[in-house]
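This briefing covers side-chain contacts in one protein chain. The topics are ring contacts, salt bridges and cysteines.

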Amino acid sequence: MIPLLDLKAHYAALRPEIEPAVLSVLASGNYVLGEQVQQFERDFAAYCGTRHAIAVNSGTSALHLALLAAGVGPGDEVITSPLTFVATASAIVYAGAQPVFVDVDPETLTLDPKRLEEAVTRRTKAIIPVHLHGQMADMGPILDRASHSHLHVIEDACQAHGAEYGGQRAGSMGVSGCFSFYPGKNLGACGEGGLVVTNDDRQMEIMRMLRDWGQEQRYHHALKGFNYRMDAVQGAILRVKLAHLEEWIAARRARAADYDRLLSGIPHLRLPVEAPGRRHVYHVYAVRTPERDDLRRHLEREGIQTGLHYPIPVHLQKAFRDLGYAEGDFPVAEAACREVLSLPIYPELAADQVENVAEAIMRDVYA
Ligand SMILES: *Cc1c(COP(=O)(O)O)cnc(C)c1O
């Protein structure tokens, strides 16, 4: 069996480093925020090339705080992609604002900057480009359009730790960038976790307060805040893991290059595109085919697990019916939802396993 990802193999390789780090937190008596989380914040900000990092308890919390710190609230509209995990849109709703979707670019499946013009209104306050599958959205034109109307750009980098655009790291180009450390992400905790990076001192201060009940100092609540604090155990584990992230990205990129080579030229099979000037970190390696469901069943019979990122765009989810969108509103995203199929990819995946997957696909296509 070749799984879509293998968290047990991942842990086994790191166990000698993670266990002492966890045990030392358990012995320390400090279980929430504290030294381990602060050090992780410093390390992660340095990795992204930003001044500040605020660790929280999930990627969703990170998005929520970033929106609040940017001043987004009731009556505002926030533009984002319909081809994302539902959390992007949910965080906009948590902030009291309304999600407004624009379609995605057919090559990269990230927010299409050409579509922004028709979506911006007097109520638009922010744009959340989603760095889907590990590739950054086309930030240049997005930032240009945003600055023209004084809009905040908040990056949803929950799938894109270490991705780059023109040499700049994911999270460092907008006013803030949001990350998730859900276990299956490219940098994953052993539980939940998230983080916001920013260069803005004022927004940093607001987010630091909001994640810890809005406290300026103990029991002095300047803002109506939340319990969005990161556990010390997760901070310690993430510090250990961050030191390996570049080697994992290199491994993912090598396996993606293997897939690119082995699968090129197969009829009706589109491969993911790495746009010029970007570094894709392949959180997901998604091929596209009109016979997606047949191929998925065939691979399952061959013992190869696949995923769907995502089968239903957010604007067609039952929970977001109140926004008033209908089928046909975002044809590029809708077609992607019918056609994408995520193949196994993770740092421990061996080159010969990629060959097995490619051969199984060929057996189906040429059967
Ligand atoms: C995972 C993810 C989130 C949410 O992160 P959680 O840590 O699960 O809350 C948000 N946006 C995108 C694009 C994601 O992939």
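**Side-chain contacts**

R169 sits over the face of Y47, 4.2 Å from the ring centre. The model is predicted. R169 also takes part in a salt-bridge network, and Y47 belongs to a cluster of ring pairs. In total there are 23 salt bridges, 12 aromatic pairs and 0 disulfides.

**Aromatic contacts**

- The count of aromatic pairs is 12, and one of them is F44 with F181, with ring centres 5.6 Å apart.
- The planes of F44 and F181 stand at 85°, which is over the 60 degrees that the edge-to-face class requires, so the pair is edge-to-face.
- F44 is in helix α2, while F181 is in the loop between β8 (176-180) and β9 (194-198), so the contact ties together parts 137 residues apart in sequence.
- F44 and F181 are both buried.
- Ring pairs gather F40, F44, Y47, F179 and F181 into a cluster.
- Within that cluster, Y47 is the ring whose face R169 lies over.

**Salt bridges between distant parts of the chain**

- R208 and E41 form a salt bridge through their side chains, with an N to O distance of 3.4 Å.
- This pair links helix α7 (residues 201-211), which holds R208, to helix α2 (residues 34-48), which holds E41; the two residues are 167 apart in the chain.
- R208 has a relative accessible area of 27% and is partly exposed, whereas E41, at 5%, is buried because its value is under 20%.
- E77 and R123 form another salt bridge, and their closest N and O atoms are 3.4 Å apart.
- E77 lies in strand β2 (residues 77-80) and R123 in the loop between α5 (116-119) and β4 (124-128), so the pair links distant parts of the chain, 46 residues apart.
- E77 is buried at 11% relative accessible area, and R123 is partly exposed at 47%.
- D138 and R278 also make a salt bridge, the closest N and O atoms being 3.8 Å apart.
- The partners are 140 residues apart: D138 is in the loop between β4 and α6 (139-148), and R278 is in strand β12 (residues 278-279).
- Here D138, the acidic partner, is partly exposed with a relative accessible area of 23%, and R278 is buried at 14%.

**Salt-bridge network**

- Which residues are joined into one network by salt bridges that share partners? They are E164, R169, E246 and R279.
- R169 therefore appears in two settings, as a member of this network and over the face of Y47.

**Cysteines**

- The structure holds 0 disulfides. A disulfide is a covalent bond between the sulfur atoms of two cysteines.
- C48 is in no disulfide, and its nearest cysteine sulfur, that of C178, is 11 Å away.
- That distance is beyond the 2.5 Å cut-off, so C48 and C178 do not count as a disulfide.
- C48 is buried, with a relative accessible area of 4%.
- C178 is likewise in no disulfide; the nearest cysteine sulfur belongs to C158, at 6.4 Å.
- The separation of C178 and C158 is also outside the 2.5 Å limit, so this pair is not a disulfide either.
- C178 is buried, with a relative accessible area of 0%.

How values were computed:
Residues are numbered from 1 along each chain as its sequence is written. This is a predicted model: local features need pLDDT of at least 70, side-chain atom pairs count only at pLDDT 80 or more; totals for chains, interfaces and linings use all residues. Side-chain values use heavy atoms; hydrogens and water are left out. A salt bridge is a side-chain nitrogen of Lys or Arg within 4 Å of a carboxyl oxygen of Asp or Glu. Helices (H or I, at least four residues) and strands (E, at least two) are DSSP runs, numbered from the N terminus. Buried means under 20% relative accessible area, exposed over 50%, partly exposed in between (1.4 Å probe, protein chains only). Rings of Phe, Tyr and Trp (its six-membered ring) pair if their centres lie within 6.5 Å; planes under 30 degrees apart count as stacked, over 60 as edge-to-face and the rest as tilted. A charge sits over a ring if NZ of Lys or CZ of Arg is within 6 Å of the ring centre and within 35 degrees of the ring normal.
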